[in-house]
Amino acid sequence: MSAPQLLNLLGHTPLIYVDAPLPHPHGGFWAKVECVAPGGMKARAAVAMLAGARRRGELRDGAPVVESTSGTLGIGLVFAGQALGHPVVLVVDRELEPSMRALLRAYGARLEVVDRPHPTGGWQQARRERLTQVLAALPGAYWPDQYHNPDNVAGYASLGDEIAAQVDAVDVLVCSVGTGGHSAGLARTLRRHWPQLRLIGVDTIGSTIFGQPARRRVMRGLGSSIFPDNVDYPAFDEVHWLGPAEAVDTCRRLARTAFVTGGWSTGAVARVAAWVARTQPDTRVLAVFPDGPHRYLDSIFDDGWCVRNGLLGPTPGHPVEIPHPGAVEVTRWSRCRTVDDPLRHERVPA
């Protein structure tokens with residue numbers, strides 16, 4: 001059974017001005033608050049991917065949808081699944097918060113839980129291997145493959161159109177990077193309005209996306225242990241890597257002084273956006289806040305959890321700069337103005 005009326009709830013999220021010290025005073029930046037929409041930011045991509053597959057005949061009426069997720073896309077997919085009439089099977093791992101598991105099940109998703117990480121590819125690769133098994137057992141099921149599906153990117157055109165209608169101009173756009181979808185789709189749309197717009201990508205320490213070595217990552221929702229095709233490397237002007245302590249500090253400062261806060265991705269992009277606003281006066285900065293705080297009450301906003309993981313205490317107020325992504329393995333907030341595709345010599349032109 002489908003519920004197409006749900007599509008009327010897609011997007012239409014507010015823009016707020018943030019001038020809270022993060023951690024230092026700054027000139028302020030705009031934040032697009034995607035967490036307030038039912039289904040969250042990734043509902044835009046989820047609807048676009050399922051609708052595109054339906055148009056091409058790859059997804060039959062009522063057929064199941066199977067995907068791997070660390071949580072946020074899962075919410076978007078169950079939203080899209082209900083709207084378009086598709087059951088959803090989500091491959092998750094044991095580190096997904098119990099509250100998020102409960103919420104996904106409440107929305108009707110079937111969960112396949114992976115118990116141990118892959119020896120080299122971590123949880124992400126372990127989920128993808130289980131996903132292959134689930135697909136084999138469900139003939140006719142559709143895998144959106146969010147990391148490599150161009151409909152993921154196209155789904156964020158609406159986000160760009162909304163922003164262009166809400167602000168007079170943007171000089172610098174700050175986006176977290178995981179699948180690469182919203183940074184690519186949003187930059188392409190906004191550059192049609194403001195061709196000189198600069199794009200800053202925000203990754204996590206331990207992520208391979210921009211050429212750093214893969215390591216165990218505390219932060220979820222940004223970063224990757226694979227190289228997504230949807231990352232538009234030439235679109236980026238620079239990249240920042242942040243650690244979990246810096247994100248925790250920023251999320252908590254946002255909560256205390258700006259009320260609007262969120263999780264790992266929100267904390268990371270807010271930290272970078274505030275730094276740009278402080279160090280580049282008269283620059284119009286916009287950041288995307290992909291998620292809200294609720295799934296992080298037992299982690300980011302829990303003192304005991306943060307103490308056990310060594311995430312409370314002083315954190316850097318500025319990045320160190322490295323000349324290129326392979327120069328050194330970063331262990332704290334770092335910045336690089338050379339952005340290359342790590343697989344540029346291996347990719348086959350389309």
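So, β1 and β2: four bridges join β1 to strand β2, residues 29-33, and the two run antiparallel. If you want a spot to look at, find Val18, which stands opposite Phe29 in β2. Keep in mind that what we're looking at is a predicted model.

Now zoom out to the sheet they belong to. That's an open sheet of eight strands, and the order is β1-β2-β9-β6-β7-β8-β11-β10, with mixed pairing. Which strands stand at the edges? Those are β1, at 15-18, and β10, at 320-321; each has a single partner strand, so one side of each is left without a neighbour in the sheet.

What lies across this sheet? Helix α9 does: it lies across β2, β6, β7, β8, β9 and β11. Relative to β9, residues 285-289, α9 runs at about 175 degrees.

Stay with α9, residues 264-279, for a second, and bring in α8, residues 244-257. Their axes come within 8 Å and cross at roughly 85 degrees. Angles from 65 to 115 count as roughly perpendicular, so that's what we call α8 relative to α9. On the α8 side the contact includes Pro244, Val248, Cys251 and Leu254, and on the α9 side Trp264, Ala268 and Arg271 are among the residues involved. By class, the contact of α8 with α9 has eight nonpolar, three polar and three charged residues.

OK, second sheet. This one is open too, with three strands in the order β3-β4-β5 and parallel pairing. β3, 65-68, and β5, 110-114, are the edge strands, each with a single partner, so one side of each has no neighbour in the sheet. From one strand to the next, the twist averages 20 degrees. Between β3 and β4, residues 88-93, there are four bridges, and Val65 is the residue opposite Val88 in β4.

Across β3 and β4 lies helix α2, residues 72-84, running at about 170 degrees to β4. And α2 has a helix partner, α1, residues 42-56: the two pack at an angle of about 45 degrees, axes 8 Å apart. How are they oriented to each other? At that angle they're oblique, and α1 passes α2 in a right-handed crossing. Look for Ala46, Val47, Leu50 and Arg54 among the α1 residues in this contact, and Leu73, Leu77, Phe79 and Leu84 among those of α2. The class split for the contact of α1 with α2 is 11 nonpolar, three polar and two charged.

That's the tour; happy to rotate the model if anyone wants another look.

Note on methods. Residues numbered from 1 in each chain as written. Predicted model: local features only at pLDDT ≥ 70, side-chain atom pairs only at ≥ 80, totals over all residues. Heavy atoms only, no water. Axes fitted to C-alpha atoms, helices over the stretch in contact; angles between N-to-C directions. Parallel < 35°, antiparallel > 145°, perpendicular 65-115°, else oblique. Contact = heavy atoms within 4.5 Å. Nonpolar A, V, L, I, M, F, W, Y, C, P; charged D, E, K, R; others polar. Pairing = 2+ DSSP bridges. Left-handed = near helix turned anticlockwise from the far one by under 90°.
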